[in-house]
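Good morning, and thank you for making time for this presentation. I should like to take you through one model, beginning with the whole chain and ending with single residues.

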Amino acid sequence: MKAIVYSKALYSTWIYYAPDRILFDCGEGVSTILENKVFAIKHVFLSHGHADHISGLMGLINIRNNAMGDTEKELKIYYPAGNFFVSELISYFARTNRNLKYELEWIPLQPGDKVTLLQGRHARYIEAFATIHSRGETSLGYNVAEVRHRLKPEYRDLPQEEIVRLVREGKKEEITEKYVQYLFSYAGDSVPLNPNLVKGTEVLCHEATFLSDEDRKEFKHSTVWEAIEVAKKAEVQKELILFHISSRYRDELRELERKIEGMGLPFKVRLIPPGEVVEIE
Ligand SMILES: [Zn+2]
Ligand SMILES: [Zn+2]
């Protein structure tokens, strides 16, 4: 996985997920920081319409039209259907950006909708799921899902030569089954996710605005500890990325890291320090 993450609660959040050229959310500063890399973006998936997640759209849409790069490459922006703020922006851009050289497409999504990223035997797609954030504001999270194949349970203990023989006899389809693996899950802003929505994902990006429940005035966001609980229940395989951390905790992150290390979790936990661009290899 290769990704670039910027997230500071209230200010700006965006994640560029390089394997599928996806930008998850589009907070301010994204084009300023990514520069010519913005031409690599194929899809933008917006989690909701709060300013800290969409304020970079004006820059992105215009830079893709004017900077040095393939200014004719189309851009698809997906958003939660019925979202008021995004809908208002779409009409603003329709009125003000009449001379775009490329095709800009806005696509509303409902929970459960799928968007194909890659076709074929190892198809990859985005699956949208509902999150709970603020009243009257539709919001979505997204799984990057991959179709994989494995031996059916009854064939798993056979010796390798036997499997090879069956495959040579043209029985590959008969002895294998399809399953779906989530590679990367991004939930945007949300109260703690239902772990079943991201079950078994390799990498979970869960928001963690607060360190403690007392700092949370309204039940709109999650704490670090709730996010870790979600990741445990979801049986995250590789890594939990905690983003949307409030800048009030900037000086407490080292200590927090040590505390988390002491928990002996079965996955890696990465904190995104507010205000820093983090590159993930
Ligand atoms: Zn936010
Ligand atoms: Zn929000």
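What follows is a description of the fold, then of two helices, and then of a few individual positions.

Please keep in mind throughout that this is a predicted model. The protein chain contains eight helices and 14 strands. Its C-alpha trace spans about 65 × 50 × 35 Å along the principal axes. For a compact globule of 281 residues one would expect a radius of gyration near 19 Å, and the protein chain, at 20 Å, agrees with that. Of the 281 residues, 37% are buried. As for contacts with a separation of 6 or more, 66% of them in the protein chain are between residues 24 or more positions apart.

Let me turn to the sheet. Seven strands make up an open sheet, and their order is β7-β8-β9-β10-β11-β12-β13, with mixed pairing. At the edges stand β7, residues 114-118, and β13, residues 268-271; each has a single partner strand, so one side of each has no neighbour in the sheet. From one strand to the next, the twist averages 30°. As a general reminder, strands of a sheet pair through backbone hydrogen bonds, in either a parallel or an antiparallel manner.

I shall now follow the sheet from β10 to its edge at β13. Strand β10, residues 176-186, runs parallel to strand β11, residues 203-207, and three bridges join the two. Here Ser185 stands opposite Leu204 of β11. On the next step, β11 and β12 are also parallel, and they pair over five bridges. Cys205 is opposite Ile241 in β12. To get from β11 to β12 the chain passes through α7, and this β-α-β crossover is right-handed. The last step joins β12 to β13, again in the parallel sense, over four bridges. In that pairing Leu242 faces Leu271 of β13. A right-handed β-α-β unit is made here as well, by β12, α8 and β13.

How many of the five residues of β12 are buried? Four of them are, and the strand is thus mostly covered. Part of the surroundings is helix α7, residues 224-234, which lies across β11 and β12 and runs at about 150° to β11.

Which residues of α7 are buried? They are Val224, Ala227, Ile228, Val230, Ala231 and Ala234. These residues cover an arc of only 155° around the axis, which places them on the same side of α7. The general background is that an α-helix has 3.6 residues a turn, so residues three or four places apart point the same way. The buried residues of α7 pack against β11, β12 and α8, the last of these being residues 253-261. After α7 comes Glu235, which has a positive phi, near 55°.

A second helix can be described in a similar way. In helix α3, residues 57-66, the buried residues are Leu57, Leu60, Ile61, Ile63 and Arg64. Viewed down the axis of α3, they fall within an arc of 165°, so they line one face of the helix. Among the elements that cover them are α1 (30-34), α2 (51-54), β5 (75-80), α4 (84-96) and β6 (104-109).

I come now to single positions, starting with Leu211, which is in the loop between β11 and α7. Is Leu211 buried or exposed? A residue counts as buried when 20 or more other C-beta atoms lie within 10 Å of its own. Leu211 has 20 C-beta neighbours inside 10 Å and therefore counts as buried. Leaving aside residues up to four places away in sequence, Leu211 touches Thr223, Val224, Tyr249, Glu252 and Leu256. One of these, Val224, is also among the buried residues of α7.

Two further residues deserve attention for their backbone angles. Leu10 has a phi near 80°, a positive value in a residue other than glycine. Leu10 is located in the loop between β1 (3-8) and β2 (12-17). With 14 other C-beta atoms within 10 Å, Leu10 is partly exposed. Arg21 also has a positive phi, near 55°, and is likewise a residue other than glycine. Arg21 belongs to the loop between β2 and β3, the latter being residues 22-24. Having 14 C-beta neighbours inside 10 Å, Arg21 counts as partly exposed.

That concludes the presentation, and I thank you for your attention.

Key
Residues are numbered from 1 along each chain as its sequence is written. Chains are lettered from A and ligands numbered from 1 in the order in which they are written. This is a predicted model: local features need pLDDT of at least 70, side-chain atom pairs count only at pLDDT 80 or more; totals for chains, interfaces and linings use all residues. Two strands pair if DSSP finds at least two bridges between them. Axes are lines fitted to C-alpha atoms, for helices over the stretch in contact, and angles run from 0 to 180 degrees between N-to-C directions. Two residues are in contact if their C-beta atoms, placed from the backbone, lie within 7 Å. A residue is buried if 20 or more other C-beta atoms lie within 10 Å of its own, exposed if 12 or fewer, and partly exposed in between; C-beta atoms are placed from the backbone. The arc is that of the directions from the helix axis to the C-beta atoms. A crossover is right-handed if, with the strands pointing away from the viewer, the path from the first strand over the helix to the second runs clockwise. The radius of gyration is taken over C-alpha atoms; the globule rule is 2.2 Å times the number of residues to the power 0.38.
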